[in-house]
Amino acid sequence: MEKVAVQLGQRSYPIVIAPELLSSALAVPELSMLWRYKKVAIISNPTVAALYLPNIRQLFAQQQVIEFLLPDGEAYKNLQSFEQVNSFLLENGMPRDALLVALGGGVIGDLTGFVAACYQRGTAFLQIPTTLLSQVDSSVGGKTAVNHPLGKNMIGAFNQPQAVLIDTQVLSSLPKREFAAGMAEVIKYGLLGDAEFFVWLEQHQLAIAELQEPQLSQMISHCCQMKADIVSRDETEQGERALLNLGHTFGHAIEAWLGYGEWLHGEAVAVGMMMAFELAASRGWVHANDVIRVRALLQAFALPVAPPKGMQIADFMPYMKTDKKVKDGRMRFILPKTLGLAIIVDDVTETELQQVFAG
Ligand SMILES: NC(=O)c1ccc[n+]([C@@H]2O[C@H](COP(=O)([O-])OP(=O)(O)OC[C@H]3O[C@@H](n4cnc5c(N)ncnc54)[C@H](O)[C@@H]3O)[C@@H](O)[C@H]2O)c1
Ligand SMILES: [Zn+2]
């Protein structure tokens, strides 16, 4: 069993990671506060509920539990679902001192976390992330949100959970493509701040692809630890936390150009990281051999490493110029200085991008 403590003063919380944790959580001392809530509302979707809701009911067998399922999909991470969940909680008389449980991937986690931030001005919530992406990324760090027709994640709040419960066994039911998309974010941690972890991933890629333990738990724990460290130094993204966006400026442009949902987020981020490495290589920051290694590791998980057919640098520009990270009119990119050390730069011009990526 792996444990990571997210240090945020009064808002500190534990992340517990283990295969079959959904069957053994009651015995984990760090989680004992969870069983004290008298009323619990579980929020999930039909896909995940069919697989894992019975386990969660078991965990809260002594409590009064209500359940609400939203339809599956990013399209439901919106204000309408937000209102539906709030109405459901009110209609069932959920008090302020109840516990909301998010059981699912990042969509359910982000939405439930945002409801928890707002319901009666704030209720406690527990994250039970069930995708690799949500286990290594969205469930850690307290960013919660819903989408607006005018932009993704545009309405939200920073809100930390009481705990994060990660059962690595649940990844066995996750579609392979979703697992790979999560691996893009895992590889990102190595690239942005931990060359040793990148080497570890190269060495254990086969075991990880086969979901072998203890490697799988170790990998997830390492990512949570890295994100927790970054978040405790920069909770509201004033500086260092932006490094977690490595590959995301290019990646968001790809997602938006294709139309959201065509490629998975992690797939677009994989290409974005490749582009960041190619740009950095042309500046002489990383070696050509590093670019080859990054490409090989992404490809080992069947991730794409080049933009979609027909997408030119000019197609990236409108999205990158309106990115959330644009400051004072300058595009900001996260680029690798070396393999395992990323920095924020704001001097990338369209001309440079044309030179590196044309042809
Ligand atoms: N808050 C943050 O810091 C943060 C960070 C990154 C991403 N996000 C958000 O996360 C969301 C994406 O999350 P996601 O990739 O987990 O997508 P998701 O929640 O849509 O899950 C992907 C699919 O896998 C299914 N699924 C989940 N667990 C499963 C399991 N164990 N077995 C079988 N199927 C399972 C889901 O039902 C869904 O169909 C986006 O909305 C994104 O904005 C948030
Ligand atoms: Zn991401």
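This report describes the overall form, the main sheet, a hairpin and the ligand surroundings of one protein model.

## Basis of the model

The model is predicted: local features need pLDDT of at least 70, side-chain atom pairs count only at pLDDT 80 or more, and totals for chains, interfaces and linings use all residues. Residues are numbered from 1 along each chain as its sequence is written, while chains are lettered from A and ligands numbered from 1 in the order in which they are written.

## Overall form

The protein contains 13 helices and 11 strands. Helices (H or I, at least four residues) and strands (E, at least two) are DSSP runs, numbered from the N terminus. The C-alpha trace spans about 60 × 40 × 35 Å along its principal axes.

The radius of gyration is 20 Å, which agrees with the value near 21 Å for a compact globule of 359 residues. This radius is taken over C-alpha atoms, and the globule rule is 2.2 Å times the number of residues to the power 0.38. Of the 359 residues, 47% are buried, that is, 20 or more other C-beta atoms, placed from the backbone, lie within 10 Å of their own.

## The seven-stranded sheet

An open sheet of 7 strands follows the order S1-S2-S9-S6-S5-S3-S4, with mixed pairing. Its edge strands, S1 (2-6) and S4 (64-69), each pair on one side only; two strands pair if DSSP finds at least two bridges between them.

Within the sheet, S3 (residues 39-44) and S5 (residues 99-104) pair in the parallel sense over 4 bridges. Ala41 has Leu100 as its bridge partner in S5. Helix H2 packs on the sheet and touches S3, S4, S5 and S6 (124-129); contact requires C-beta atoms, placed from the backbone, within 7 Å.

## A hairpin

Strands S10 (residues 333-338) and S11 (residues 341-345) run antiparallel and are joined by 5 bridges. Thr338 stands opposite Leu341 in S11. The two strands S10 and S11 form a hairpin with 2 residues between them, and Gly340 in the turn has a positive phi of about 105°.

## Surroundings of ligand 1

Which residues come nearest to ligand 1? Of the 26 residues around ligand 1, these are Gly105, Gly106, Thr130, Thr131 and Ser138. A residue is near a molecule if its C-beta atom, placed from the backbone, lies within 6 Å of it.

Helices H2 (46-59), H4 (106-118) and H5 (132-138) each supply at least two residues of this shell. By class, the shell around ligand 1 has 7 nonpolar, 12 polar and 7 charged residues. Ala, Val, Leu, Ile, Met, Phe, Trp, Tyr, Cys and Pro count as nonpolar, Asp, Glu, Lys and Arg as charged, and the others, Gly among them, as polar.

Conventions. Contact = placed C-beta atoms within 7 Å. Axes fitted to C-alpha atoms, helices over the stretch in contact; angles between N-to-C directions. Buried ≥ 20, exposed ≤ 12 C-beta atoms within 10 Å, placed from the backbone.
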